[in-house]
Amino acid sequence: MNNKLNVTILHKLPNRIRFKISHHIKDMKNFSKIVKSTNKSVCLRYNSIINTVLVQFNQEEVYLQEIIYRVITGISIENNMSPVKLIDCLLYTSDAADEED
């Protein structure tokens, strides 16, 4: 098994984001605590079969970038503080289209 940790952004909207994770989450309770922090509006769904995490959140309480940071931190902590590579597989976003116009 590849020991490198990767988190891939599969899909993102202003209030939700889906990640593909290279390694299974071992302790969902602890991982959830890290990602949710003190934000009650953050909701996590983990699919252990395809190893994806869907995070829904209130964008008025927490920024998308903060959610990404928390997920990566949670994966790193689960794996003895190993480095995590973030991969954004979204080649075309609405922001990129706006910049071209």
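## Starting from Phe19

Let's start with one side chain. Phenylalanine 19 touches Val7, Thr8, Ile9, Leu10, Asn51, Thr52, Val53, Val55, Ile68 and Val71, leaving aside residues up to four places away in sequence. This is a predicted model, so read the contacts below as features of that prediction.

Where does Phe19 fit in the wider packing? Together with Ile17 and Val55, Phe19 has the most contacts inside the largest nonpolar core, a set of 22 residues. Strand 1, strand 2, helix 1, strand 4 and helix 2 each put at least two residues into this core. Helix 2 gives the largest share, with 6 residues.

## The sheet

The backbone of the picture is an open sheet of 5 strands, in the order 3-4-2-1-5 and with mixed pairing. Strand 3 (43-47) and strand 5 (84-88) sit at the edges; each has a single partner strand, so one side of each is left without a neighbour in the sheet. From one strand to the next, the twist averages 20°.

Now for the pairings. In general, strands of a sheet pair through backbone hydrogen bonds, either parallel or antiparallel. Here, strand 3 and strand 4 (residues 52-56) run antiparallel and are joined by 5 bridges, with cysteine 43 opposite glutamine 56 in strand 4. Strand 1 and strand 2 are antiparallel too, with 6 bridges between them. A hairpin takes the chain from strand 1 to strand 2 through 2 residues, and leucine 13 has arginine 16 in strand 2 as its bridge partner. Strand 1 and strand 5 run parallel and share 5 bridges; in this pairing, asparagine 6 stands opposite lysine 85 in strand 5.

## Helices on the sheet

Two helices deserve a look here. Helix 1 (residues 28-36) packs on the sheet and touches strand 3 and strand 4, its direction making about 140° with that of strand 3. Helix 2 (residues 64-78) lies across strand 1 (5-13), strand 2 (16-21), strand 4 and strand 5, and runs at about 155° to strand 1.

## The two sides of helix 1

Which residues of helix 1 are buried? They are Phe31, Ser32 and Val35. These residues cover an arc of only 100° around the axis, which puts them on the same side of helix 1. As a rule, an α-helix has 3.6 residues a turn, so residues three or four places apart point the same way. On the other side of helix 1, Lys29 and Lys33 are exposed.

What do the buried residues of helix 1 pack against? Their partners are strand 3, strand 4 and helix 2. Just after helix 1 comes serine 37, with a positive phi near 50°.

## How far to trust it

The protein chain has a mean pLDDT of 88, and 87% of its residues reach 70 or more. Confidence is highest in strand 4, at 98, and lowest in helix 3 (residues 94-100), at a mean of 47.

Over residues 96-101, pLDDT stays under 50, and the model has 1 contact beyond four places in sequence for that stretch. Strand 4, by contrast, has the highest confidence in the chain and is among the elements that supply at least two residues of the largest core.

Conventions
Residues are numbered from 1 along each chain as its sequence is written. This is a predicted model: local features need pLDDT of at least 70, side-chain atom pairs count only at pLDDT 80 or more; totals for chains, interfaces and linings use all residues. Side-chain values use heavy atoms; hydrogens and water are left out. Two strands pair if DSSP finds at least two bridges between them. Helices (H or I, at least four residues) and strands (E, at least two) are DSSP runs, numbered from the N terminus. Axes are lines fitted to C-alpha atoms, for helices over the stretch in contact, and angles run from 0 to 180 degrees between N-to-C directions. Contact means heavy atoms within 4.5 Å. pLDDT is the predictor's confidence in each residue, from 0 to 100. A nonpolar core is a set of buried Ala, Val, Leu, Ile, Met, Phe, Trp, Tyr and Cys residues joined through side-chain atoms within 4.5 Å. Buried means under 20% relative accessible area, exposed over 50%, partly exposed in between (1.4 Å probe, protein chains only). The arc is that of the directions from the helix axis to the C-beta atoms.
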